[in-house]
Amino acid sequence: MSEPKIVAFMCWCSGSGADQAGVEKISYPTGIMPVRIPCSALLGPELVIKAFERGADGVIVSACKPSDMRRVAPSRLTEARLEILRSLLKEVGIEGERLQMAWISSQEGAKFAEEVSKAAERIASLGPLEFRKVTKPV
Amino acid sequence: MIGYEKGSSPGRARPCFVSSPQDATRLVWNQYCAASLPKYLIGAKDKVGIVAKGCDGRAIVELIKDKQVDRDRIVIIAPACLGVKRASQTSRKEILAGYCERCSNRISPIADIAILGNSNEKDAAERFARDVKAGKPSKRGILWMEEFQRCTKCLACIKSCPLCYCTECELDGSLSSLVSKLRMPTELPTFHLIRAMHMAGRCVGCGACEAACPADIPLTDLYSRINEEVEKMLGYVPGIDVNTTPPVELPRPKVEKK
Amino acid sequence: MTPFCITESSLKHLVDQLAKEQTVMAPVKEGSGFSFKRIANGEGLCLDFTNSTVPPKSVLLPQLEELFTYEVKSGKVRTAGSTGGDTVTLIGVRPCDSSAFSVLDRVMGGEYIDPYYSRNRERTLVLGVSCSRPEPTCFCNVFGTGPVEGSSDDISLTRVDSGYVTRPKTKKGREFIEKHTEYFREATQKELELFELESSRVNKSMEAKLKSEGLPERMSKAFDDPYWQELSRRCIECGVCSFICPTCYCFDVVEEVNGNQGRRSRGWDTCQSCKFSRMAGGLDPRPTKPDRLKHRFYHKLQYMPMTFGAISCVGCGRCVSRCPSNVDIREVIAKWQ
């Protein structure tokens, strides 16, 4: 299959990992469209669903590792919310694996590229998503 | 006093607002009392009495938790509900609504006055509760993307829902980059998926949305499925205990601060 | 032209032929109701229904209609209007919905012609079919918009044992029958008698307590009545009434822009929405729910007759059966009777 179209919502810190990958010239799949947001916990289901509607085969949400957080880990919140969203996607017939989460610290260029490539591979193995032709629940 | 009165056609009852004892003779209670009344509590200024079915009581619990309704300003009359009947579209008979078959408690979890009915009704209510515990799960195998294509984007589901009280609804088209105000076929699944996420861990299964939907989309089947996941993940069920706080993982409505 | 008759099977064969050359739209079972959709052949024709959930006005005034697209290139704007479409034969229109077309014609025609509606209207042939089983919520007889024939029928069909007694009503209808004469034959005396009996039976089956005479004048006396406050208390402003009403025509216009390309479309809107009459600067002539609900009834029962000479309710009863709060226009009509 040609490169899957993936939207990657990156929190500010993990997004700097993407910058670092660029600086270090570490490549990651070209079908990924990065969208930087201040914090992954700010990400509501609306944008993820809209990404699928607009043609994304998969969505990756990259968030800071809880070990990097001072106290409460907002990324744990994100994880739970995405899990609820996954159950909804599965119910309407979209594979839950199309929504991937990656835990990346800032400044980790190589780690960013590695995590994102792994997630992209998992999405690629599912084939393209024909959003409008989705039928049976998974 | 918010209750039900006889409707204008056979097989219908409708909300009614009674403000004097003489008027109270208008009130009825039967299996056609489908409308969800807690909706009318929001923004009410005076002390209000309300007739609440089991599901309506669950909605009131949620509204109290969300601070949209003041427990001290409402008087809840809770009759034992035998479920709501709807005209079947296929035969001309009446059948019990799908969401009533899944109901977890036929009498409101909070009440000032509980009415258990005469012994026949009480037996029926208890039998019904036993049948429900035998577990009628939400329907599986519904082809949701097909169902969504029948949507008319009238927003009746949102308007009729007792728990949809956002001052500015995200889905009414004002946020045109999210969903258009008009009925764009590509956005119909988006509308419903976002709504389902907004209902996650909040929907109490009153069925007001299904009763209002002109396309008869079985919305409560979808919302109850997601609620099952939320219960598994977070151990939380909406509408039961006024003293629990909804988990922070769940969506919150946006209300303008006054 | 004398009445004709077409048998059930001939009608199916006629549809088979039409469907090859043009678009045939008929009521199709969808979910738990019916919807006017394109059918591929005569087998898809099922007239055993009371009425569709969404009225066939969607053929003339679609819920979503592209107006034009545009592109900005080297400082110049190029527009492309939508091209309209196929000829449409619309079969299975009930008299109420057919009469509703006449109401819409007055609004969309006259001094200012709506080009999109006109184009759709021109290319559509209306084959009306009489009702045989009115619902308790039907009240077309109050407005004379049914139950046997509708005022916009090009051809009216009424079921009798041997087929449909067919009466052409317009030039378009007559030309259609002439063009497809092999499917029709002259109605026999017996068939005409059966038609009379059937018309009489259906007419008698409807209650006639409501009166539409003098309705606009009655409404003008009631404008400040506290009834509107009381009635609107249970209204939830869902707008379902507007969406399923065969005479509602209000629309909103949206634009989708993508870089230097854009598309402008229009689609159904409802005056029951709290945003409907909001204006720039914050003024809102109908700021409250009673204002908006009152407006719906005044528009249908007074403003339309005053401006366009036609009461804008055709008694189809959809709003009566589908309003979640059982707001019933029949009660409004009866209130000051």
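1. Two residues are said to be in contact here if their C-beta atoms, placed from the backbone, lie within 7 Å. With that in mind, please read the points below as comments on a predicted model.

2. I would start with helix H6 of chain B, where what covers the buried residues includes elements from two chains: H2 and helix H3 (74–92) of chain A, together with helix H4 (144–148) and helix H8 (219–234) of chain B. The helix is mostly covered, since 12 of its 12 residues are buried. Among the buried residues of H6(B) are Leu188(B), Phe191(B) and Ala196(B), but also His192(B), Arg195(B) and His198(B).

3. The length of H6(B) can be checked against expectation: the helix has 12 residues and reaches 17 Å from its first C-alpha to its last, which is close to the 16 Å expected at 1.5 Å a residue. After the helix comes Gly201(B), a residue whose phi is positive, near 70°.

4. How do H2(A) and H6(B) lie relative to each other? The axes of helix H2 (residues 45–53) of chain A and helix H6 (residues 188–199) of chain B come within 10 Å and cross at roughly 155°. Angles over 145 degrees count as roughly antiparallel, and the two helices are therefore roughly antiparallel to each other. The crossing of H2(A) and H6(B) is right-handed.

5. The residues that make this helix-to-helix contact are Pro45(A), Glu46(A), Ile49(A), Lys50(A) and Glu53(A) on the H2(A) side, and Pro189(B), Thr190(B), Leu193(B), Ile194(B) and Met197(B) on the H6(B) side. Sorted by class, the contact of H2(A) with H6(B) has six nonpolar, one polar and three charged residues. It may help to recall that an α-helix has 3.6 residues a turn, so residues three or four places apart point the same way.

6. Stepping back to the whole boundary between these two chains, 23 residues of chain B are in contact with 21 residues of chain A. On the side of chain B that touches chain A, the elements that give two or more residues are H4, H6 and H8 of chain B. The residues of that side divide into 15 nonpolar, three polar and five charged.

7. Which chains share the most contacts? Of the two pairs of chains in contact, the answer is chains B and C, and their contact takes 31 residues from chain C and 30 residues from chain B. On the side of chain C that touches chain B, the elements giving two or more residues are helix H10 (240–243), strand S11 (251–258), strand S12 (261–268), helix H12 (318–322) and helix H13 (329–335) of chain C. The residues of this side divide into 11 nonpolar, 11 polar and nine charged. Chain A and chain C, by contrast, are joined by no contact, and their closest C-alpha atoms lie 13 Å apart.

8. As for chain B taken by itself, its secondary structure comes to eight helices and eight strands, and buried residues make up 46% of its 258 residues. Of the contacts in chain B with a separation of 6 or more, 66% are accounted for by residues 24 or more positions apart.

9. Finally, is Leu197(C), which lies in helix H7 (residues 189–204) of chain C, buried or exposed? Leu197(C) counts as exposed, because it has 11 C-beta neighbours inside 10 Å. Leu197(C) and Leu61(C) are 136 residues apart in sequence and 35 Å apart in space, C-alpha to C-alpha.

Terms used
Residues numbered from 1 in each chain as written. Chains lettered and ligands numbered in written order. Predicted model: local features only at pLDDT ≥ 70, side-chain atom pairs only at ≥ 80, totals over all residues. Helix = DSSP H or I, 4+ residues; strand = E, 2+ residues; numbered from the N terminus. Nonpolar A, V, L, I, M, F, W, Y, C, P; charged D, E, K, R; others polar. Axes fitted to C-alpha atoms, helices over the stretch in contact; angles between N-to-C directions. Parallel < 35°, antiparallel > 145°, perpendicular 65-115°, else oblique. Left-handed = near helix turned anticlockwise from the far one by under 90°. Expected span 1.5 Å × (residues − 1). Buried ≥ 20, exposed ≤ 12 C-beta atoms within 10 Å, placed from the backbone.
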